[in-house]
Amino acid sequence: MNILNLLILIPILTVTGIAVSKSMDAVRKVAAIGMFLQLITSIVILFVYMGIRKSGVTDEMVLMSDYTWFTTINIHYTIGIDGISAAMILLTSIVVFAGIFASWEVSNLQKEFFISLILLATGVFGFFISIDLFTMFLYYELAVIPMYLLIGIWGTGPKEYSAMKLTIMLMAGSALLIVALFGIYYLTGPADGQHTFNLLELAKNTMSLPAQRFFFPFAFLGFGVLGALFPFHTWSPDGHASAPTAVSMLHAGVLMKLGGYGIFRIAMYLMPQAAAEQAWIFIILTSTSVIYGAFGAIWQKDLKYINAYSSVSHCGLVIFGLLMMNKTAMDGAILQMISHGLMTALFFALIGMIYSRTHTRIISEMGGLMKVMPFLGVVYLIAGLASLGLPGLSGFVAEMSIFFGAFQHDDMFHRVATIMAISAIVVTAVYILRVVGILLLGPIKNEEYKLLTDATWYEKISTLSLLIAVAGIGIYPTWLYNMIYESIGPIAAKLIVY
Amino acid sequence: MEHIPLQYFLILSTLMFFIGVAGFIIRRNLITILMSVELMLNSVNINFVAINRYLYPDQMQGHFFSLFIVAIAAAEASVAIALIINIYRRFDTIEVTEVKEMKY
Amino acid sequence: MSTFNYTILIPALPLAMFLLIGLTGHKFKALVSGIAGTASLGFITILSYITAINYFWGTGMVNDVYQTIIPFNFEWLNFTETLQVKMGVLLDPISVMMLVVITTVSFAVHLYSIGYMKGEVGFSRFFAFLSLFSFSMLGLVLATNIFQMYIFWELVGVSSFLLIGYYYEKPSAVAASKKAFIVTRFADFGFLVGILILSYFTGTFDFGILTNPLTSPVASFVGTSFMGISVISWAMILIFMGGAGKSAMLPFHIWLPDAMEGPTPVSALIHAATMVVAGVYLVARMFVVYHLWAPDVQEVIAWVGGITSLFAAVIAITQYDIKRVLAFSTLSQIGYMMLALGVSGYGEHAGVGYMASMFHLFTHAMFKALLFLGAGSVIHSVHSNYMYDMGGLRKYLPITHITFLIACLTIAGVPFLSGFYSKDEILVAAFEHNKILFGIEYLVAGLTAFYMFRLYFNIFWGEDKVYHHTPHESPLVMTIPLMVLAFGSIFSGYLPFSHLVTSDKMAFTTHLDYAIAIPSILIGFLGIGVAWIMYKKKTDIPDRISAALGGFYTTVYNKFYFDEIYLFVTRKILFNIVSQSVAWFDRHIVDGSMNGIANVVITSSKKIKSLQSGQLQQYAAVFVAGALGLLLYVIYLLG
């Protein structure tokens, strides 16, 4: 059996296990064990993948298997991975694993919570291993729907509003997406007269240029909404602020990455000429979004809002890197997806943990938390440093690759956009240090906070698993960078490479 | 045997039907509305029987159909009256305009 | 070559110590971390000395030229097939010299801190950060390529941030650490863009390739211009921006005085001797490129250095916080070094500025670290940073007093002490290049002598002030480093620098130029004399002078209002105007339009909703009307 099927099978078994378990403790233990197995599987898959590559296989996708699902319109269940999806799978499993531990203390409707959470994760895993566009889309919807419940039921603040807003905006994105999907399906000339959803088959032929021009914006914006592309990002601050911890982690950490991944794998891969033609519009949007998100973050008062705006800025950089259309920048963009996924999940986990102690997320009401919770404080500081791109942590490598790649363009337009994007590193430093300064350092503002406790064992597992990944990528990025670099090849070859 | 022309039946049934329609639309009392519905059903029954008799005297489908309708009308009337009784219990009225609890 | 393989230990050991102390420090008694950190630093100090001796007087020189030795270089990241980032160790005269400077001062500071930081909360955290800093700084000077340098450049920035904010419960320390990080970060933005431009054109990061005067790919792009200026000049001035940020040159100097919020040993190590000279080191490292292909930028460097040195010296006169006086003095001295690089030529005697700059860097590290540690010893016993709380301390702190005096004499340029020799070389270089800069430096020499002795007399002479308890001499663990550094301050001037560290790595001979040396000695003594008159006994001369200067004095005292300008730009413009309006725009315009779409849907659905009255009879009427309509249509229009 294809080992990739395990990625779907394990969550389903876990969900079943949760459904039949009786006590609250059993539920979370089953969830933790299931996601631990998932993490192990992801790591094994990574090694299997590297082994296959080492043995000289140069196929675009490996570990493929194909089942016909619906003959009439030729939908298959086709799975397979390349270096990019292998990396994304690892990211997802780390974040989900950390997310389970971050929601250890969920007490309200615990069973349902974990079931929805794992279903969401299943959708994401399925998305990353799918090659068939239709099943890919199916999995994507599977990931979006539990989100509504998770925010609407277990959220805080104006949760119904946020859940509704998030779902509607993402669904609007899906609507655009499905238009693009059928456009691709019907208008990409098939060799044997049979239309197909298979990504690899589709990539062999190209659509006519007018069709590309028409459908590229649909696909790009459809995924762009998910990737928090300015100005379609406003679901993200509200959604994140209301969502429970693990959901924010998963959402910002993984689900938003589906956007970047989709833009890369579907929009740009299948419609390369239109991508090259229209890139300038989106470069303007994303470079704005990078600096805009950073400035927006300075003024926020709520920790989650700060992080949400910071995500807008960082995810803007992802799409910016992709649009630069050369291997270095694209590699950087994918690394940035992974790095931001880990970082932001870590942030949200920490914010959740701090909130559960202080019962506020308004930074000005807190202060000097480093003194009372040194573990969380130090981890927050490190996450902040990763976010502002400190060498030795994952953000740096990703940002540098994007900037170096972007700088390979020698026209004025790209230069200005790049320098604008680079200047965000200064603004990022400002808002990160502002938060660190107010939240963690300085005197303790509230006497009651002196009684707060530091992280518990499950919180330590949650944060450390993310932190180790952040530092690991930062200190020794080469293997990941090279793995992605190889896999970008076929896609970059279709784009105009500078 | 003296034949009553078909038109007479048709005119009667048409009259009955439109009286039923008018009653259904205009009256506010649920019982009257139910009676109007019965009127419409019966006008159709007359049509069935009459047309059957005049056009296909050797066939029986029209008669069967009208019997069928009578049965259904009976069932329908019993359900409707049960509903009406319940509505009366709940709202103390059987005015159709007063029953709007489910209206948004 | 393989003889230098062990040099990898020099940066690796502090990193190991950082991880060890950082992760396990809280499990042991605090002192254990201190001793472990100090011991490991002692070990690498010895290694560095061995390296220096081996390099300068052993295998380093081949055919009269000091070789660039790269014992260790591994691939860290391949940006593209051709553009690679490597991590390695590069030994050449300046990096070996920097090794000696950093390890010596760092070791002295480690030792000193065991006494100074005794009993502080987070003692082991302090040593962990010191190790992190040592690692980053050593990695910076040993960098084989400009990107590795940038990486460690950021790391020293963050260790500086952590150490300035060591007393993190003190709001002023937190603010200072933020300021230091953000200002340098802003400068690093320039640095990064500079690297991007340079690497785009040359396709390499490697110092060996970039700075080769004969084969450097830089040469072929000098002709390419952008907005009237050569692209190489653009790149190099942006890179210098990074250097200016770290070295606190005008206009990025504002973070350094505030950085004095950190513990004094930190100020001595980072903000006097090592990190702040990273900018000088960077310019020296890229000196060939500056000199040969971006002479316009080199001129800028000279002027920035000159103006900063004057500017800082003037401010230093008016300050009362002894650490701030020293901070401005540091600025001023680094200005000297920058100026020396700016006026230097290449090769043989023309490169005297280069040599002088490195020489001054070396001697300055010794005497400035000594001054800071001495000031720390004073602060330790008086518990105040302000000189008006001090006076007559020479009786209580004899060792501190003597060593501090030595340092003051050294920085004032008194003959036969190290500062005299290095400063003299700088003046020679400036004289040969530009008379105005030379004049500025003469003036600064006098001012330096004056403010240093103002400091000295205010602390150690004059009447006793009211002390909480009788000031006492610091413990031996603190005074030994003072003595070691005093030794260095006196004798480091006798090192034959022109034989060791030169622009083209070939030895040349220099001699004292009496025509320049003698006036500079005189002006130094003049400064000391004026300070003697004004501050040895309490007089009202300083007050009268400051009153006579009026507004100018206030302006200088407030550091020419640079902080206020920065505050205005950041707080008022960036925070209040830009980011507040971005936040508003996002909430109201962008999100508002999304909510607006939703509202349109809701309103229109409310309008349409009344059609669905729920009245069965209405539906029936419509239905019947429709049916009749259809009927009529079928009968009359179709029929």
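**Figure 1. Helix α17 of chain C passes helix α21 of chain C in a right-handed crossing.** This close-up, like the others here, comes from a predicted model. Helix α17(C) covers residues 418-433, and its partner α21(C) covers residues 514-535. The two pack at an angle of about 120 degrees, with their axes 10 Å apart. That angle makes α17(C) oblique to α21(C). To find the contact on α17(C), look for Lys423(C), Asp424(C), Leu427(C), Val428(C) and Phe431(C). On α21(C), the residues to look for are Ile516(C), Ala517(C) and Ser520(C). Sorted by class, the residues of this contact are five nonpolar, one polar and two charged. If helix pairs are new to you, it helps to know that two packed helices are described by the angle between their axes and the distance between the axes.

**Figure 2. Helices α1 and α2 of chain B run roughly antiparallel to each other.** Here α1(B) is made of residues 6-26 and α2(B) of residues 30-55. Their axes come within 8 Å and cross at roughly 160 degrees. An angle over 145 degrees counts as roughly antiparallel, and therefore α1(B) and α2(B) get that description. In which hand does α1(B) pass α2(B), left or right? The crossing is left-handed. The contact of α1(B) with α2(B) has 16 nonpolar and eight polar residues, and no charged ones.

**Figure 3. Chain B is built from three helices and zero strands.** Follow chain B from the N terminus and you meet its elements in the order α-α-α. The radius of gyration is 17 Å, well over the 13 Å that the globule rule gives for 104 residues, so chain B is more spread out than a compact globule. Along the principal axes, the C-alpha trace of chain B spans about 55 × 25 × 25 Å. How many of the 104 residues of chain B count as buried, as a percentage? The figure is 14%. Among the contacts in chain B with a separation of 6 or more, 47% are between residues 24 or more positions apart.

**Figure 4. Leu155 of chain C sits in helix α5 of chain C.** Is Leu155(C) buried or exposed? Count the neighbours: Leu155(C) has 20 other C-beta atoms within 10 Å. A residue is buried if 20 or more such atoms lie within that distance, so Leu155(C) is buried. Setting aside residues up to four places away in sequence, Leu155(C) touches Pro391(A), Gly392(A) and Ser136(C). Another residue to find in this view is Leu140(C), 15 residues from Leu155(C) along the chain. The C-alpha atoms of Leu155(C) and Leu140(C) are separated by 8.9 Å.

**Figure 5. Chain C meets chain A through 35 residues of chain C and 38 residues of chain A.** On the side of chain C that touches chain A, the elements giving two or more residues are β3 (69-78), α5 (146-164), α6 (171-202) and α24 (562-609) of chain C. Which of the elements gives the most to this side of chain C? It is α6(C), with twelve residues. By class, this side of chain C has 24 nonpolar, four polar and seven charged residues. Of the two pairs of chains in contact, chains A and C share the most contacts.

**Figure 6. Chain B touches chain C with nine residues, in contact with eight residues of chain C.** The side of chain B that touches chain C has six nonpolar residues, one polar and two charged. Now turn to chains A and B: no contact joins them, and their closest C-alpha atoms lie 20 Å apart.

**Figure 7. Arg394 of chain C lies in the loop between α15 and α16 of chain C.** The flanking helices to look for are α15 (352-382) and α16 (398-412). Arg394(C) is partly exposed, with 17 other C-beta atoms within 10 Å. Leaving out residues up to four places away in sequence, Arg394(C) touches His401(C), Phe460(C) and Trp461(C). For Arg394(C) and Gly376(C), the separation is 18 residues in sequence and 15 Å in space, C-alpha to C-alpha.

Note on methods:
Residues are numbered from 1 along each chain as its sequence is written. Chains are lettered from A and ligands numbered from 1 in the order in which they are written. This is a predicted model: local features need pLDDT of at least 70, side-chain atom pairs count only at pLDDT 80 or more; totals for chains, interfaces and linings use all residues. Axes are lines fitted to C-alpha atoms, for helices over the stretch in contact, and angles run from 0 to 180 degrees between N-to-C directions. Helices (H or I, at least four residues) and strands (E, at least two) are DSSP runs, numbered from the N terminus. Angles under 35 degrees count as roughly parallel, over 145 as roughly antiparallel, 65 to 115 as roughly perpendicular and the rest as oblique. A crossing is left-handed if the near helix is turned anticlockwise from the far one by less than a right angle, and right-handed if clockwise. Two residues are in contact if their C-beta atoms, placed from the backbone, lie within 7 Å. Ala, Val, Leu, Ile, Met, Phe, Trp, Tyr, Cys and Pro count as nonpolar, Asp, Glu, Lys and Arg as charged, and the others, Gly among them, as polar. A residue is buried if 20 or more other C-beta atoms lie within 10 Å of its own, exposed if 12 or fewer, and partly exposed in between; C-beta atoms are placed from the backbone. The radius of gyration is taken over C-alpha atoms; the globule rule is 2.2 Å times the number of residues to the power 0.38.
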